[in-house]
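The following exercises concern the sequence and model shown below. Attempt each task before reading its solution.

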Amino acid sequence: IASELTQSFGFLMPSDYETFSVAVAEALCCGCPVLCSDVGGMSELIDSSNGLKVVDSSRWEVALDQFTSTPWARDIISDEAQKRYSKEAVGRLYYDTLKQITAC
């Protein structure tokens with residue numbers, strides 16, 4: 001999947017409902033810009049540097065035109081996402097949380 005995302009022009013996620021969306025985080029870690037619905041956790045994951053959020057479902061065509069004409073900085077998208085969502089970053093947060101819980 002990672003090699004496909006690395007080679008893809010973008011990642012489209014037209015969900016009506018999402019929580020965190022691991023699929024979006026994975027796409028970002030691969031440097032793949034994201035076009036998604038402005039719902040759930042995707043609202044927090046996506047900004048103008050790594051993709052576009054569609055607020056109104058009737059605006060997908062306009063958003064797709066804008067998305068495909070944007071020159072995305074894929075290396076920066078990947079670097080920023082890996083700082084937040086890599087297995088090392090998530091593992092560190094998980095470990096720190098467990099340490100806090102067991103210290104109580």
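**Exercise 1: a surface patch**

Task: Locate L98 and determine whether it is buried or exposed, or in between.

Solution: L98 is found in helix α6 (residues 87–103); helices (H or I, at least four residues) and strands (E, at least two) are DSSP runs, numbered from the N terminus. The model is predicted: local features need pLDDT of at least 70, side-chain atom pairs count only at pLDDT 80 or more, and totals for chains, interfaces and linings use all residues. Residues are numbered from 1 along each chain as its sequence is written, and side-chain values use heavy atoms, without hydrogens and water.

Next, the relative accessibility of L98 is 37%, so this residue counts as partly exposed (buried is under 20% relative accessible area, exposed over 50%, partly exposed in between; 1.4 Å probe, protein chains only).

Finally, L98 joins Y94 and I101 in a nonpolar surface patch (residues with over 30% relative accessible area and no salt bridge, nonpolar side chains joined within 5 Å). A salt bridge here is a side-chain nitrogen of Lys or Arg within 4 Å of a carboxyl oxygen of Asp or Glu. Together the three residues have about 330 Å² of accessible area (Shrake-Rupley method, 1.4 Å probe).

**Exercise 2: the sheet**

Task: In what order do the strands lie, and which stand at the edges?

Solution: The open sheet has three parallel strands in the order β1-β2-β3 (strands pair if DSSP finds at least two bridges between them). β1 (11–13) and β3 (51–54) each have a single partner strand, so one side of each lacks a neighbour in the sheet.

Then consider β2 (residues 34–37), which pairs with β3 over four bridges. The bridge partner of V34 in β3 is G51.

Terms used:
Patch = residues over 30% accessible without salt bridge, like charges linked within 9 Å, V, L, I, M, F, W, Y side chains within 5 Å.
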